[in-house]
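Time to open the notebook and look a few things up. I'll start with how the helices pack, then move on to the empty spaces and the odd spots in the backbone.

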Amino acid sequence: MLPSFRFLFLFLATVCTLGSTVVAIGVNWGTTTSHPLPPPKVVELLKSNNISKVKLFDADPLVLQALSGSNIGVTVGIPNAMLKSFNSSKKAAESWVHDNVTRYFSSGSSGVRIEYVAIGDEPFHLSYSEQFHPFVIGAAINVQTALTRANLASEVKVVVPCSYDTIQSESGLPSKGHFRPDLNKTMIELLTFLRKHHSPFFFTISPFITFNKNKNISLDFSLFKEAAHPHNDSHRTYKNSFDLSYDTLVTALSVVGFPEMNIVVSKIGWPTDGAANATSSIAETFMKGLMDHLHSKSGTPLRPRNPPMETYIFSLLDEDQRSIATGNFERHWGLFTFDGQAKYRIDFGQGLKKPENAKNVVYLSSKWCVVNNNKDLSNASTNAMDACSVADCTALSPGGSCFNISWPGNISYAFNSYYQQHDQRADSCDFGGLGLITTVDPSVGNCRFSIELRTSHTDSLSGSHLVQWMILLMLYSYFFLLNLY
């Protein structure tokens, strides 16, 4: 081979190799919020930050319409509540695929570049017990069949997002990793299905929760700090929590006979409020460590130079209506605040920098509800507790950004949270005569008294849009009953 051709051959080989190991990083876009940022603005936010993949938890028509023509790779989700009907009714699955995949799908630039359909949202999570176990595989098979009939099976893959607690290791070491005993049979069925259809295994890694639950895991180890004390597992050394969790899954997959299964990290992130060690500065440190690790393509001790196929950051935006059963931090996973404002610097492939914020965000009036200090405040705490039972007061939690504001500032925070959630209606700042509407921002230091977004109820899962979802659920239930008889 002539020198010039040898050089060209090596150059092209290098380019091809680099292209085949590009690290794919996306985000989870949840909509469990009282006043959602309008979907077109969220898509603008994604595009302005060069985020090329997004994972949804449902198939909201307004979201899919906004994503149309964006060329962003999309995972659409089927809510857990629909799995029972999809398991029993091929018609229900076909109807859903037609309405939410076929209608929007396009491999070109005009429609939505749907890549995956997610069967449920972590349906095997321990908190659900075995509520959804019997329906997952059947639902996956019926959705796969529907995609095949729609001639989309080669374009759209069926996956099942699995929570971090689907695997266990009594020693805390990867070499002892295995699936939960109650899931073994189901997991083998799932993995057999995934391998047959060339689909990856979607899995959540949660270093923050692992750190809080495991006394043997240090904060430095969770944050990819070089000074962190390593964990040794036989002849393998683990320098961070991510690799430890990832390889525990790799071992679990190997134990049941699927050592080569491709893995997608479907959720990983660090919260910024609502708990100790949940701050923007710590989250930035974690994200920098994670991004550096993924971009290095170094892989893990059990899969060297073989990083996850794709990784989805959890989450894009804060969600003030998420369940806080796991902890108050659950409403603060966002890279951005609820209104699309960046919390910290992150490297989306263009170096470490503050992301672009959402543009032209429309807020309610510059008004807040605070406690009236001229009133008898003996019942103020009771009123605040009532407000917090409905509104989001998680920032007042121990370790939260508003935990240290003094009384009655914390009462004012609760009042304002309720007032904003109820669209600044005058009667929502009454509290037995203890509330007072002000135009002076009561925010203190890092404790932000928010003003909610001005959104039409038709832009959220409320009002007429909620009715649409209820009708859909009724239709799928109808197909389920029809199938029974």
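**Entry 1: α12 and α13**

I began with a pair of helices, and α12 passes α13 in a left-handed crossing. Note to self: this is a predicted model.

I looked up where the two run: α12 covers residues 380–388, and α13 covers residues 409–421. Their axes come within 9 Å and cross at roughly 40°. That angle makes α12 oblique to α13, because anything under 35 degrees would count as roughly parallel and 65 to 115 as roughly perpendicular.

Which residues of α12 and α13 meet? On the α12 side I wrote down Ala 380, Ser 381, Asn 383, Ala 384, Ala 387 and Cys 388. On the α13 side they meet Ile 411, Ala 414, Phe 415 and Tyr 418. Sorted by class, this contact has eight nonpolar and two polar residues, with no charged ones.

**Entry 2: α5 and α6**

Next pair. Helix α5 spans residues 90–102 and helix α6 spans residues 133–149; their axes come within 8 Å and cross at roughly 55°. I put α5 down as oblique to α6 on the strength of that angle. Left-handed or right-handed? α5 passes α6 in a right-handed crossing.

From α5, I listed Lys 90, Ala 93, Glu 94, Val 97 and Val 101. They meet Asn 142, Val 143, Ala 146, Leu 147 and Arg 149 of α6. The class count for this contact is six nonpolar, one polar and three charged.

**Entry 3: the second largest pocket**

On to empty space. Rolling a probe the size of a water molecule over the atoms shows where such space is left.

I looked up the second largest pocket, and its volume is about 760 Å³. It is lined by 33 residues, and the closest to its centre are Asp 273, Asp 318, His 332, Arg 448 and Ser 450. Which helix gives the largest share of the lining? My old friend α13 does, with five residues. By class I noted seven nonpolar, 16 polar and 10 charged residues in the lining.

**Entry 4: the second largest cavity**

How many cavities of 30 Å³ or more does the structure hold? The structure holds two. I picked the second largest cavity, which has about 40 Å³ of space.

Its lining is made up of Lys 55, Leu 56, Phe 57, Gly 77, Ile 78, Pro 79, Ala 118, Gly 120, Asp 121 and Pro 161. Strands β2 (53–56) and β3 (73–78) each supply at least two of these residues. I sorted the lining into six nonpolar, two polar and two charged residues.

**Entry 5: backbone oddities**

Last, I checked the backbone. A cis peptide bond joins Phe 314 and Ser 315, with omega at about 10°. I found Ser 315 in the loop between β12 (310–313) and β13 (346–347).

Another cis peptide bond links Trp 407 to Pro 408, and there omega is about 5°. Where is Pro 408 found? Pro 408 is in the loop between α12 and α13, the helix pair from my first entry.

Then there's Asn 50: its phi is near 55°, a positive value in a residue other than glycine. I placed Asn 50 in the loop between α2 (39–48) and β2. That β2 is also the strand I met in the cavity lining.

Notes:
Residues numbered from 1 in each chain as written. Predicted model: local features only at pLDDT ≥ 70, side-chain atom pairs only at ≥ 80, totals over all residues. Heavy atoms only, no water. 1 Å grid on protein atoms, 1.4 Å probe; cavity = no way out; pocket = protein on both sides within 12 Å on 5 of 7 lines; lining within 4 Å. Points joined across faces, edges and corners; volume = space filled by probe spheres on them. Helix = DSSP H or I, 4+ residues; strand = E, 2+ residues; numbered from the N terminus. Nonpolar A, V, L, I, M, F, W, Y, C, P; charged D, E, K, R; others polar. Axes fitted to C-alpha atoms, helices over the stretch in contact; angles between N-to-C directions. Parallel < 35°, antiparallel > 145°, perpendicular 65-115°, else oblique. Left-handed = near helix turned anticlockwise from the far one by under 90°. Contact = heavy atoms within 4.5 Å.
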